[in-house]
Amino acid sequence: MKLDPKALRYMSSDDFRVLTAIEVGSRNHDIVPEPLIAQLSHIRGGSVKKHISDLIKRKLIASESGAKYTGYRLVYAGYDFLALKTLSKRGSVTSVGNQIGVGKESDIFVVAGEDEQEVVLKLHRLGRQSFRNVKEKRDYLRPNQSPSWMYMSRLSAQKEYAFMQVLHEYGFPVPKPVDQNRHCVVMELIDAFPLRQIDSVAEPGRLYSLLMDLIVRLAKHGLIHGDFNEFNILLRSDGVPVLIDFPQMVSTSHPNAEFYFNRDVDCIRTFFKRRFGYESVLYPKFALGMDKEFDLDVKVAASGFTKKDQASLERLMDANGAAAAAGCPAEAEEYPSDEEIVYSDDESDASASSDVKDRADGRGSDICEGGDDDDDDD
Ligand code: ADP
Ligand code: MG
């Protein structure tokens, strides 16, 4: 995936208005018609065409013919651009460095944050596979329906950020959350390798206990990671494991909580046996209540990522096979599953973030400002 921060610098303020208008328009239109773009951006006919064609050249939007008209839609690069723009204006991303990870559902970059400190930018890419084939999947889309990859990826990023905040606050070994916008999360860069890449450890029994204790401590706080495996555990050089990747976390009161809990435990048991030849008769078992000390799930809901958001995301992830893809990866697998995600068609982007809403009303500042401010960099 390309993330071209130079585009930020060379974008005119009117290009930016047009791009933002397409984002706003795509909440109610799968393909945004030109007159609507003109109306939302307050830029007249002829000029709008020129900006649209610029944005197509930059591959931030795509032109598409629907049954009734030809219109435009945002593609991931355009959405990335809008998020980067916001994050750079807030100062949480000042320049973009190397890509360090690519998952089926995310791209991970090391970026410079405030004070030039290195941080991690995670771009959530739910539905990416099917989005590539969006043309072939036209049948899955209803008329006037916004692209759900955008909605899903944003919900996923919001969830990850909300959980990371609460876990960090309660002293769990997770990256420190820095910022979140649209489908992006900015967090502390952990100087460590994923357990997946580690061939031997001095004391496997000690690490095994630390990880099982972590699973139990999460459950005592009402939470299950849901994808607790060697890809999502980073091992620092001092031997401390750090947990990442939270979009699939569930509450211990989830109807399938026991299944998810046992799967997390089994992933670790299987991995330790296979990789380190380590087996233990001791492993935690799910017990309802778990002498719960806190209910962090409630705290997460209070932090802004509501139970309703959680339910929407779960429904969408299930529909897209994401839940099935989580769990213990097979030995040879790089990512849990290569099965294609099916484009989901039952959600619209109706609850877009408030800064976007403001722009739709013409009240927000972003749409009216230059796209080529000096606060970005390459
Ligand atoms: P995905 O949802 O695609 O699995 P992850 O959050 O698990 O994404 O990140 C993918 C990879 O990126 C990780 O396995 C790890 O190597 C790297 N990574 C992610 N977050 C961080 C971080 N905060 N610090 C260091 N490396 C990270
Ligand atoms: Mg992961």
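## Overall make-up

Helices and strands are here taken as DSSP runs, with at least four residues for a helix and at least two for a strand, and they are numbered from the N terminus. Counted in this way, the secondary structure of the chain comes to 13 helices and 13 strands. The model is a predicted one, and every value given below is computed from it.

Of the 378 residues of the chain, 43% count as buried. Among the contacts that join residues at least 6 apart in sequence, 67% are between residues at least 24 apart.

## Two domains

The domain assignment divides the chain into domain 1, which covers 6-188 + 341-365, and domain 2, which covers 192-294. Where these two domains touch, 10 residues come from domain 1 and 9 residues from domain 2. On the side of domain 1 that touches domain 2, the residues fall into 7 nonpolar, 1 polar and 2 charged.

## The surroundings of ligand 1

Ligand 1 is surrounded by 19 residues, of which the closest are Gly101, Gly103, Ser106, Ile190 and Asp245. Sorted by class, the shell around ligand 1 holds 11 nonpolar, 4 polar and 4 charged residues. At least two residues of this shell are supplied by each of strand E4 (95-102), strand E5 (106-112), strand E6 (118-124) and strand E8 (184-188). Because domain 1 and domain 2 both give residues to the shell, ligand 1 lies between them.

Asp245, one of the closest residues to ligand 1, is placed in the loop between strand E12 (241-243) and strand E13 (250-251). Asp245 counts as buried because 23 C-beta neighbours lie inside 10 Å, where 20 or more are needed. Most residues other than glycine have a negative phi. Asp245, although it is not a glycine, has a positive phi of about 70°.

Asp245 is also touched by Asn232, whose contacts, not counting residues up to four places away in sequence, are Asp227, Leu243, Ile244 and Asp245. Asn232 is found in the loop between strand E10 (223-224) and strand E11 (233-236), and it is buried, with 20 other C-beta atoms within 10 Å. Although Asn232 and Arg196 are 36 residues apart along the chain, their C-alpha atoms are separated by 8.6 Å.

## Helices H8 and H9

Helix H8 (residues 204-220) packs with helix H9 (residues 257-276) at an angle of about 170°, and the two axes are 11 Å apart. Since angles over 145 degrees count as roughly antiparallel, H8 is described as roughly antiparallel to H9. On the H8 side the contact is made by Pro204, Tyr208, Leu211, Met212, Ile215 and Ala219, while H9 brings Phe261, Asp264, Val265, Ile268, Phe272 and Phe276. By class, this contact of H8 with H9 has 11 nonpolar residues, no polar ones and 1 charged residue.

Two residues of H8 differ in their burial: Ile215 is buried, with 22 other C-beta atoms within 10 Å, whereas Ser209 is partly exposed, with 13 such atoms within 10 Å. Leaving aside residues up to four places away in sequence, Ile215 touches Phe228, Asp264, Val265 and Pro284. From Ile215 to Gln197, which are 18 residues apart in sequence, the C-alpha to C-alpha distance is 21 Å. Ser209, which is likewise found in helix H8, has its C-alpha atom 56 Å from that of Gly71, and these two residues are 138 residues apart along the chain.

## Helices H2 and H4

Helix H2 (residues 13-25) and helix H4 (residues 45-57) have axes 9 Å apart and pack at an angle of about 85°. Because an angle of 65 to 115 degrees counts as roughly perpendicular, H2 is roughly perpendicular to H4. The residues that make this contact are Asp14, Asp15, Val18 and Leu19 of H2, together with Val48, His51, Ile52, Asp54 and Leu55 of H4. By class, they comprise 5 nonpolar, 1 polar and 3 charged residues.

His42 lies in the loop between helix H3 (34-41) and H4. Although His42 is not a glycine, it has a positive phi of about 60°. His42 counts as partly exposed, with 13 C-beta neighbours inside 10 Å.

Note on methods: Residues numbered from 1 in each chain as written. Chains lettered and ligands numbered in written order. Predicted model: local features only at pLDDT ≥ 70, side-chain atom pairs only at ≥ 80, totals over all residues. Axes fitted to C-alpha atoms, helices over the stretch in contact; angles between N-to-C directions. Parallel < 35°, antiparallel > 145°, perpendicular 65-115°, else oblique. Contact = placed C-beta atoms within 7 Å. Nonpolar A, V, L, I, M, F, W, Y, C, P; charged D, E, K, R; others polar. Buried ≥ 20, exposed ≤ 12 C-beta atoms within 10 Å, placed from the backbone. Near = placed C-beta within 6 Å. Domains from an automatic or database assignment.
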